[in-house]
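Reader: I should like to learn how the features of a protein model are read. Would you take me through them in order?

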Amino acid sequence: MRVKVGVNGYGTIGKRVAYAVSKQDDMELVGITKTKPDFEAYLAKERAIPVYAAGEEFLPTFENAGFEVAGTLNDLLEKVDVIVDATPEGMGAKNKALYEKAGVKAIFQGGEKASVAEVSFVAQANYEKALGKDYVRVVSCNTTGLTRTLSALQEYIDYVYAVMIRRAADPNDSKRGPVDAITPSVTVPSHHGPDVQTVIPINIETSAFVVPTTLMHVHSIMVELKKPLTEKDVIDIFENTTRVLLFEKEKGFESTAQIIEFARDLHREWNNLYEIAVWRESVSVKGKRLFYIQAVHQESDVVPENVDAIRAMFELAEKWESIRKTNRSLGILK
Ligand SMILES: NC(=O)C1=CN([C@@H]2O[C@H](COP(=O)(O)OP(=O)(O)OC[C@H]3O[C@@H](n4cnc5c(N)ncnc54)[C@H](OP(=O)(O)O)[C@@H]3O)[C@@H](O)[C@H]2O)C=CC1
Ligand SMILES: O=C(OP(=O)(O)O)[C@H](O)COP(=O)(O)O
């Protein structure tokens with residue numbers, strides 16, 4: 001069976017998910033939506049991806065530009081088995097009624113509340129929970145990053161305290177700031193701790209700041225351990241955890257700049273780093289406390305999760321078969 005997939009919202013996340021879907025032999029990318037005929041719409045068309053207007057109200061903009069669309073979102077919904085909603089935060093919940101009416105399954109992103117879906121999803125942590133489900137939410141980039149490493153340590157965790165240093169905007173976004181400020185989320189916990197708990201049952205508190213950078217997020221994580229662990233144990237666990245990579249400052253990975261350069265050097269599409277980057281030297285155990293620092297490529301870590309979520313919803317593969325297949329297709333290193 002090849003699952004027919006549509007993508008509603010062809011922005012930072014949507015275009016990467018569309019690309020990833022097109023690389024799967026058990027999925028077919030049927031089309032994407034755009035609100036306007038900008039360069040992204042023309043590029044999609046050049047790449048033979050059918051472009052649909054995101055709603056009837058957007059048709060005149062395409063007509064005025066002489067850009068022929070394949071139809072509207074409703075037409076796309078008639079042709080697909082599942083729609084990946086990658087519209088701006090909060091819009092997915094509003095779109096859900098359209099998906100229900102059309103009788104198609106839907107995947108939502110981390111900007112939506114957990115209540116939008118039956119399951120909040122990170123493949124390596126709870127793939128089985130999404131089996132056969134109609135509505136799944138892939139959690140936010142930061143929540144995915146936290147869940148990847150913490151689920152690997154789950155049996156040792158008594159309590160987690162984590163600080164998120166978040167990028168202010170994506171590289172293609174010239175409208176957002178801060179430009180010269182650090183903006184705290186003044187309520188504790190930030191949404192990330194409760195969001196991790198929608199996927200794995202651990203004790204966790206988080207706080208978060210936005211800083212003027214576009215490349216990646218960085219997390220400083222402290223775990224109170226309920227069972228002893230050595231630094232070597234933790235390194236071994238991370239070395240054996242899919243979609244987590246260890247980077248050494250000693251080898252020149254001094255900051256997020258070199259980590260992204262590594263993704264460029266791999267000739268990754270859009271310099272995606274699907275894996276969570278843990279600094280090896282940061283892994284440190286002091287008595288009953290474990291510390292480590294990781295970086296998250298916000299534009300791409302959730303992309304393989306969307307692909308695995310589709311497989312789970314259609315019961316196309318068991319967990320590790322899906323993860324391995326997705327990893328292979330996207331060149332994920334382990
Ligand atoms: N960027 C990130 O770092 C991450 C984002 N997320 C989540 O993913 C979701 C999407 O975010 P992101 O990709 O960054 O957002 P973007 O703003 O990059 O893309 C959203 C896209 O939605 C389209 N859109 C706007 N209005 C409508 C509409 N009425 N109907 C259909 N499509 C519309 C826009 O298309 P057009 O160009 O045609 O106007 C735009 O390209 C959010 O929930 C976000 O929280 C999750 C992880 C990381
Ligand atoms: O999901 C994200 O971050 P978050 O986990 O900090 O909410 C993405 O980086 C998008 O964040 P944004 O909605 O601040 O652009």
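Author: The discussion that follows takes up the strands, some single residues, the two ligands and the backbone. Please bear in mind that this is a predicted model.

Reader: Let us begin with strands. Which residues of strand 4 lie on one side and which on the other?

Author: In a regular strand the side chains alternate between the two faces of the sheet. In strand 4, residues 82-85, Val82 and Val84 point to one side, while Ile83 and Asp85 point to the other. Each of these four residues is buried, and both faces of the strand are thus covered.

Reader: Which strands pair with strand 4, and over how many bridges?

Author: Strand 1, residues 3-8, pairs with strand 4 in the parallel sense over four bridges. Within that pairing, Asn8 has Asp85 as its bridge partner. Strand 5, residues 105-108, also runs parallel to strand 4 and is joined to it by three bridges. There, Lys105 of strand 5 stands opposite Val82.

Reader: Where else are both faces of a strand covered?

Author: Strand 12, residues 244-247, is such a case. Val244 and Leu246 are buried on one side, and Leu245 and Phe247 are buried on the other. Strand 12 pairs with strand 13, residues 276-279, through four bridges in the parallel sense. Phe247 has Trp279 of strand 13 opposite it.

Reader: Let us turn to single residues. Why does Thr87 count as buried or exposed?

Author: The cut-off for a buried residue is a relative accessible area under 20%. Thr87 counts as buried because its relative accessibility is 14%. Thr87 belongs to the loop between strand 4 and helix 5. Its side chain makes a polar contact of 2.6 Å with the side chain of Asp85, a residue already met in strand 4.

Reader: What is the relative accessibility of Val223, and where is this residue found?

Author: Val223 is part of strand 11, residues 217-225. Its relative accessibility is 1%, so Val223 counts as buried. Positions apart in sequence may also be compared in space: Val223 and Ala162 are 61 residues apart along the chain, and their C-alpha atoms are separated by 8.3 Å.

Reader: I should now like to read a ligand site. Which residues are closest to ligand 1?

Author: Ligand 1 is surrounded by 23 residues, of which Ile13, Lys34, Thr35, Lys36 and Asp170 are the closest. By class, the shell holds eight nonpolar, nine polar and six charged residues. At least three residues come from domain 1 (3-139 + 302-330), and at least three from domain 2 (141-296).

Reader: What polar atoms of the protein face the oxygen atoms of ligand 1?

Author: A side-chain N or O atom of Thr12 lies 2.9 Å from an oxygen atom of the ligand. Polar backbone atoms of Gly11 and of Gln298 are each 3.4 Å from a ligand oxygen atom. On its own, ligand 1 has 890 Å² of accessible area, and the protein covers 81% of it.

Reader: What residues make up the shell around ligand 2?

Author: Among them are Glu89, Ser140, Arg166, His217 and Gln298. Helix 7 (141-152) and strand 8 (157-167) each contribute at least two residues. The shell divides into one nonpolar, six polar and four charged residues. Polar side-chain atoms of His191 and His192 each lie 2.8 Å from an oxygen atom of ligand 2. For a side-chain N or O atom of Arg176, the distance to a ligand oxygen atom is 3.2 Å. Ligand 2 taken alone exposes 380 Å², and the protein buries 76% of that area.

Reader: Lastly, the backbone. Where are peptide bonds cis?

Author: The bond between Gly177 and Pro178 is cis, with omega about 5 degrees. Pro178 is in the loop between strand 8 and strand 9. The bond from Val188 to Pro189 is also cis, with omega near 5 degrees, and Pro189 is in the loop between strand 9 and helix 8.

Reader: Which residues other than glycine have a positive phi value?

Author: Ala48, with phi near 65 degrees, and His267, with phi near 60 degrees, are two cases. Ala48 is in the loop between helix 2 and strand 3, and His267 in the loop between helix 10 and strand 13. Ala48 counts as exposed because its relative accessibility is 66%; His267 is exposed at 70%.

Technical notes:
Residues are numbered from 1 along each chain as its sequence is written. Chains are lettered from A and ligands numbered from 1 in the order in which they are written. This is a predicted model: local features need pLDDT of at least 70, side-chain atom pairs count only at pLDDT 80 or more; totals for chains, interfaces and linings use all residues. Side-chain values use heavy atoms; hydrogens and water are left out. A residue is near a molecule or strand if one of its heavy atoms lies within 4 Å of it. A polar contact is a pair of N or O atoms within 3.5 Å; within protein, one must be able to donate a hydrogen and the other to accept it, and residues adjacent in sequence count only if both atoms are side-chain atoms. Accessible areas come from the Shrake-Rupley method with a 1.4 Å probe; for residues, only the protein chains shown count as cover. Ala, Val, Leu, Ile, Met, Phe, Trp, Tyr, Cys and Pro count as nonpolar, Asp, Glu, Lys and Arg as charged, and the others, Gly among them, as polar. Domain bounds come from an automatic or database domain assignment. Buried means under 20% relative accessible area, exposed over 50%, partly exposed in between (1.4 Å probe, protein chains only). Two strands pair if DSSP finds at least two bridges between them.
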